[in-house]
Structure formats: structure tokens, C-alpha cells
Amino acid sequence: NQTEIISGDREGQIRMWDLRENACSAEVVPDSNKSIQSVSIARDASLLAAANVSGSVFVWRLGQAELGAHEGGDEGVKGKEQKATKFEPLQKLQAHSNYVI
């Protein structure tokens with residue numbers, strides 16, 4: 001989706017940001033308090049991989065979750081089904097014994 005970006009932080013959180021809403025639309029913490037060093041998304045936006053400071057690599061399938069009808073806002077979107085990105089865990093592997101770049 002061209003209106004979303006992904007970030008990782010020092011607390012081990014990975015967030016999907018909705019640029020239209022200027023808000024976090026999804027969050028996952030694969031290994032708390034272990035800094036995320038790298039995130040990468042497949043060209044077709046179907047998979048996300050992230051590596052942390054301990055050398056672990058996590059892979060998720062990205063999908064859409066239905067949130068229900070929109071309650072407010074402008075009339076153009078009122079009643080329209082809202083969707084959010086969801087993370088479906090696929091794999092965890094130990095790529096290195098320590099730091100991943």
C-alpha cells in the first residue's frame with residue numbers, strides 16, 4: 001500500500017503507519033527490548049522481514065483485517081468498510097549469533 005510505511009525502534013516494536021490518517025495502524029513486538037536493526041518488505045507487499053540486535057530474523061505475511069463501517073468523517077467514506085494491516089507470523093530464525101545489520 002503506497003499510503004503506509006513501516007518502522008522499527010530500539011524497544012523492539014515494529015509499526016505500520018497509515019499516512020492518510022497520520023497514525024499507527026498496526027503494531028507487533030516480536031522480541032521485546034531488543035532493538036530492531038532492519039526491516040524489509042516484499043515488492044508485492046505480501047511479506048515483511050525484520051532483524052533485531054540479537055541476530056534473530058522474523059518473517060510475517062501481511063494481510064488486511066476488516067474493522068467495520070466508518071462512523072464519522074466526510075460523507076464520501078461514511079459507511080465504507082475500514083481495513084487495517086495485520087501481521088501473520090510465518091517464521092523466526094537465528095541468522096547470526098549477535099548483531100544484524
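Two strands are taken as paired if DSSP finds at least two bridges between them; strands themselves are DSSP runs (E, at least two residues), numbered from the N terminus, as are helices (H or I, at least four). The structure is a predicted model, in which local features need pLDDT of at least 70 and side-chain atom pairs count only at pLDDT 80 or more, while totals for chains, interfaces and linings use all residues. Residues are numbered from 1 along each chain as its sequence is written, and side-chain values use heavy atoms, with hydrogens and water left out.

A good place to begin is the hairpin of β1 and β2. Between these strands lie 5 residues, and in this hairpin Gly12 adopts a positive phi near 90°. The pairing of β1 with β2 (residues 14-18) is antiparallel and runs over 5 bridges. Within it, Ser7 has Arg15 of β2 as its bridge partner, and Ile5 stands opposite Trp17 in β2.

The hairpin leads on to the sheet. This is an open sheet of 3 strands in the order β1-β2-β3, with antiparallel pairing. Because β1 (4-8) and β3 (23-28) each have a single partner strand, they stand at the edges, and one side of each is left without a neighbour in the sheet. From one strand to the next the twist averages 25° (axes are lines fitted to C-alpha atoms, and angles run from 0 to 180 degrees between N-to-C directions).

Further along the chain, Ser97 belongs to the segment after β7 (81-94). Ser97 is exposed, its relative accessible area being 71%, where exposed means over 50% with a 1.4 Å probe and protein chains only. The C-alpha atoms of Ser97 and Gly55 are separated by 5.7 Å, although these residues are 42 residues apart along the chain.

Notes. Buried means under 20% relative accessible area, exposed over 50%, partly exposed in between (1.4 Å probe, protein chains only).
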